Amino acid sequence: MSPVRIAFLGCGFITRVHSRHLRHLKNEIVASYASRSRAKADALCKDFGGAGSYAEYSAAIEDPNIDAVVVAVPPRYHLTLTLAALAARKHVLVEKPAFLRMEDYEQVAAARDRAGRVVLVGENDHYKPLAVELRRLIADGVLGEMVFAHFTTIAHKLKAAGDWRNDAEMAGGDAFFEEGIHWLHLANSLGPRIVEAHGYRPPMSAVEEPDRRAKSMLVSFTYDNGAVGSLYYSREIPSLFRGLRLSKLFGRRRVISFESNGVFILVRGEGTPRVIFPGFSDMRGYQAMYRDLVRAIREARQPDMNLERAIDDQRLMEQIYQKSQIPNPKSQIPTL
């Protein structure tokens with residue numbers, strides 16, 4: 001079959017990340033690049049052997065030669081560009097967090113259904129080998145009755161003063177809303193579903209620093225199987241070996257310990273302990289995510305990481321801020 005022709009809307013850091021992984025899928029996907037700066041679009045097109053470049057997002061959306069767009073700009077602009085792409089009957093991959101409010105998701109779902117197009121929410125961690133293997137272990141009953149779940153994602157990774165993530169209106173909220181959503185999704189996607197969540201945010205540092213966001217959050221939650229869990233999230237605390245993070249799932253038969261990024265899984269309890277290495281070739285799941293996008297387009301079906309899964313995560317995110325009375329400012333979305 002002919003490759004799927006996609007256009008990246010936005011030429012920042014995350015587009016470079018995606019483009020590096022697409023080098024492994026050159027027979028399935030051909031990429032072009034759009035930016036409000038033609039020089040940026042031209043530069044990425046040259047760096048990654050793209051098919052073309054555009055000086056405006058609208059030019060890529062309206063190009064009849066483009067099958068799908070990747071919305072890779074700050075969250076504040078996701079809704080406007082996604083709706084424009086669907087109106088032009090383009091398929092869409094939108095970076096996560098996809099939208100700022102539940103009503104935004106509902107509006108996009110209605111537009112998707114009218115257009116009969118595919119919308120994939122760019123939760124690459126849903127596809128990573130670690131998540132796939134954890135889902136298999138839980139489905140196979142390895143834990144027995146699940147009791148606790150403990151997820152840790154702690155690192156010292158501060159943003160520079162000029163980073164758009166320092167602007168809560170641009171990012172949609174604090175660091176947990178903008179980036180912690182990936183880890184909330186992991187906790188919510190392993191089989192048991194989270195039915196209730198609460199957030200607890202410690203005071204911000206008294207020391208003035210370039211990264212002005214609230215950067216830490218503790219989330220407690222309850223699963224539909226009765227198990228309870230916690231998620232420790234921070235981007236201001238040093239981690240072991242500058243990135244090693246250990247999480248655990250506790251059952252009445254066995255305990256599953258795993259490195260949160262996906263390096264290894266340890267299963268212990270009944271029987272002989274075993275170590276599993278989920279996989280390193282596509283450790284973050286980007287290639288699997290794009291393969292799902294291509295298959296969904298060709299098979300005229302919605303992808304595994306669809307709007308409905310993202311809506312479930314958004315419901316939890318809103319619980320975390322509303323029930324805990326933590327302010328999470330969001331603005332009206334401007335037109336580009």
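User: How many salt bridges does the count come to here?

Analyst: Keep in mind that we're looking at a predicted model. A pair goes on the list when a side-chain nitrogen of Lys or Arg sits within 4 Å of a carboxyl oxygen of Asp or Glu. By this rule, the count comes to 27 salt bridges.

User: How many residues apart in sequence are the parts that Arg5 and Asp67 tie together?

Analyst: The side chains of these two meet in a salt bridge, at 2.9 Å from N to O. Arg5 lies in strand S1, while Asp67 lies in the loop between helix H3 and strand S4, so the parts tied together are apart in sequence by 62 residues.

User: Is Arg5 buried, partly exposed or exposed?

Analyst: Buried means under 20% relative accessible area and exposed means over 50%, with partly exposed in between. Arg5 has 34% relative accessibility, so it counts as partly exposed. Its partner Asp67, at 22%, also counts as partly exposed.

User: Which residues are linked in a network of salt bridges with Glu123?

Analyst: Let's start with one pair: the side chains of Asp313 and Lys96 meet in a salt bridge, at 2.7 Å from N to O. That pair links distant parts of the chain, with Asp313 in helix H10 and Lys96 in the loop between S5 and H5, 217 residues apart. In the network, Glu123 is linked with Lys96 and Asp313.

User: Is Lys96 buried or exposed?

Analyst: The cut-off for buried is under 20% relative accessible area. Asp313 has just 1% relative accessibility, so Asp313 counts as buried. Lys96 has a relative accessible area of 4%, so Lys96 is also buried.

User: Where is the cis peptide bond that leads to Pro97?

Analyst: Pro97 has its place in the loop between strand S5 and helix H5. The cis bond, with omega near 0 degrees, runs to Pro97 from Lys96.

User: What is the phi of Ala300, roughly?

Analyst: Ala300 is in the loop between helix H9 and helix H10. With 71% relative accessibility, Ala300 counts as exposed, because the cut-off is over 50%. Its phi is positive, in a residue other than glycine, and lies near 55 degrees.

User: And what about Arg89: what is its phi?

Analyst: Arg89 lies in the loop between helix H4 and S5. At 46% relative accessibility, Arg89 counts as partly exposed. Although Arg89 is not a glycine, its phi is positive, at about 60 degrees.

User: Which residue meets Arg301 in a salt bridge?

Analyst: Arg301 counts as partly exposed, at 27% relative accessibility. Its partner is buried, with a relative accessible area of 3%. The two side chains meet at 3.0 Å from N to O, and the partner is Asp292.

User: Which helix supplies the largest share of the lining of the largest pocket?

Analyst: This pocket has a volume of about 1000 Å³. Its lining is made of 37 residues, and those nearest its centre are Phe13, Ile14, Trp164, Arg165 and Glu178. Helix H1 and helix H8 each supply at least two of the lining residues. The largest share, four residues, comes from H8.

User: How many residues in that lining are charged?

Analyst: Here Asp, Glu, Lys and Arg count as charged. The lining also has 14 nonpolar and eight polar residues, and the number of charged ones is 15.

User: Which residues make the nonpolar surface patch of about 340 Å²?

Analyst: One member, Val275, is found in strand S14, which covers residues 274-276. Together, the residues that make the patch are Val275, Phe277 and Phe280.

Key
Residues numbered from 1 in each chain as written. Predicted model: local features only at pLDDT ≥ 70, side-chain atom pairs only at ≥ 80, totals over all residues. Heavy atoms only, no water. Patch = residues over 30% accessible without salt bridge, like charges linked within 9 Å, V, L, I, M, F, W, Y side chains within 5 Å. Areas by Shrake-Rupley, 256 points an atom, 1.4 Å probe, with all protein chains shown as cover. 1 Å grid on protein atoms, 1.4 Å probe; cavity = no way out; pocket = protein on both sides within 12 Å on 5 of 7 lines; lining within 4 Å. Points joined across faces, edges and corners; volume = space filled by probe spheres on them. Buried < 20%, exposed > 50% of the residue type's maximum accessible area, 1.4 Å probe, protein only.
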